[in-house]
Structures are given as structure tokens and as C-alpha cells.
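Hi everyone, thanks for making time for this. I'd like to walk you through one structure, with a focus on side-chain contacts and internal space. Have a look first, and then we'll go through it together.

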Amino acid sequence: MGSIGCNLAPHPGIENFATTFKSILARGDVSDIRFPVTEFIDGLDWPFVDKAIIVTSAAPQDIFSRCRDLQPDEHWIADDEELAGIDGVAIPQGHKAVVIWWD
């Protein structure tokens, strides 16, 4: 897999990533999800992404646990510097940007 979770073996499948993040986005405490492109790698069908950014009022651990079948490595709350490079991300009052990251 050349996009997200490419180091996972076995890879859970792009469909599982899509289903998981669609269900997270449908939650009432999630306002946005972004997948910033980390790099473009020659020969791959699409850009490489190593994290998802979930804008939410939920606890970071709750969001991380919803992704456990996708085998993420870490999570944290993004700071302003990390968010500066992502166009159009808005953080509503009471929300934060939770980063889910794959090594």
C-alpha cells in the first residue's frame, strides 16, 4: 500500500481506513478530519500520508482507541505550528486537533 499505513503487515486495507474515518467523522464531537500529504514518492499511485488529524472535542485517547484496528503508533494534540501547514483547518471553540500517526 502506497498511501497510509504502508508499513503495516498485514495491511488492514484502504477500505478499513475509509470506513473507520467515516465513522469517526460521523460522530457529533468531531468537526473535521484531514490527511496531510507527507511526501510524494516516485512510482506510487498516490501521495504518502503518515497521519490523520481529527478536529474534535473528544478525549485524544478515545479517538486513538477508535483507530486501533488500523494499528496507529502514536497520538498527540497538534500545536499551532503543526497545523500551520494544513490549509483550511479550523479549530472550533472547545475542540482540539488530535493527530493519529503511523511510523
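Let me start with a charged pair, Asp32 and Arg34, which form a salt bridge with the closest N and O atoms 2.9 Å apart. Before I go on, please keep in mind that this is a predicted model. Are these two partners buried or exposed? Asp32 is buried, with a relative accessible area of 18%, while Arg34 is partly exposed, with a relative accessible area of 25%. For Asp32, the label follows from the cut-off, because buried means under 20% relative accessible area.

How many salt bridges does a search of the whole structure find? The search finds 5. Let me pick out another one: Arg27 pairs with Asp62, and here the closest N and O atoms are 2.7 Å apart. Arg27 lies in the loop between α1 (14-25) and β1 (30-34), while Asp62 belongs to helix α2 (residues 60-66), so this salt bridge ties together parts that are 35 residues apart in sequence. Arg27 is buried at a relative accessible area of 17%, whereas Asp62 is partly exposed at 27% relative accessibility.

There is also a wider arrangement around that pair. Arg27, Asp29, Asp62 and Arg66 are linked in a network of salt bridges.

Next comes Lys51, which forms a salt bridge with Glu82; the closest N and O atoms are 3.1 Å apart. Which elements does this one join? Lys51 sits in strand β2 (residues 51-56) and Glu82 in helix α3 (residues 80-84), so the pair ties together parts that are 31 residues apart in sequence. As for accessibility, Lys51 counts as buried at 18%, and Glu82 counts as partly exposed at 22%.

Now, on to the rings. A search of the whole structure gives 4 aromatic pairs. Take Phe21 and Phe35: their pair is edge-to-face, at 5.0 Å centre to centre and with 85° between the planes. This pair links distant parts of the chain, with Phe21 in helix α1 and Phe35 in the loop between β1 and β2, 14 residues apart. Phe21 is buried, with a relative accessible area of 5%, but Phe35 counts as partly exposed at 38% relative accessibility.

For a second geometry, look at Trp76 and Trp101, whose aromatic pair is tilted: 6.3 Å centre to centre and 50° between the planes. This pair also links distant parts of the chain, namely Trp76 in strand β3 (residues 74-77) and Trp101 in strand β4 (residues 96-101), 25 residues apart. Trp76 counts as partly exposed, at 27% relative accessibility.

Coming back to the two phenylalanines, Phe21 and Phe35 belong to one aromatic cluster together with Phe17 and Trp102.

Trp102 takes us to the last topic, internal space, since it is one of the residues that line the largest cavity. The search of the whole structure finds 1 cavity of 30 Å³ or more, and the volume of the largest cavity is about 50 Å³. What lines it? Gly5, Cys6, Asn7 and Leu8 are there, along with Phe48, Val49 and Asp50, and then Trp102 and Asp103. By type, the lining of the largest cavity divides into 5 nonpolar, 2 polar and 2 charged residues.

That's my tour, and I'm happy to take questions.

How values were computed: Residues numbered from 1 in each chain as written. Predicted model: local features only at pLDDT ≥ 70, side-chain atom pairs only at ≥ 80, totals over all residues. Heavy atoms only, no water. Salt bridge = Lys/Arg side-chain N within 4 Å of Asp/Glu carboxyl O. Helix = DSSP H or I, 4+ residues; strand = E, 2+ residues; numbered from the N terminus. Buried < 20%, exposed > 50% of the residue type's maximum accessible area, 1.4 Å probe, protein only. 1 Å grid on protein atoms, 1.4 Å probe; cavity = no way out; pocket = protein on both sides within 12 Å on 5 of 7 lines; lining within 4 Å. Points joined across faces, edges and corners; volume = space filled by probe spheres on them. Nonpolar A, V, L, I, M, F, W, Y, C, P; charged D, E, K, R; others polar. Phe/Tyr/Trp six-rings, centres within 6.5 Å; stacked < 30°, edge-to-face > 60°.
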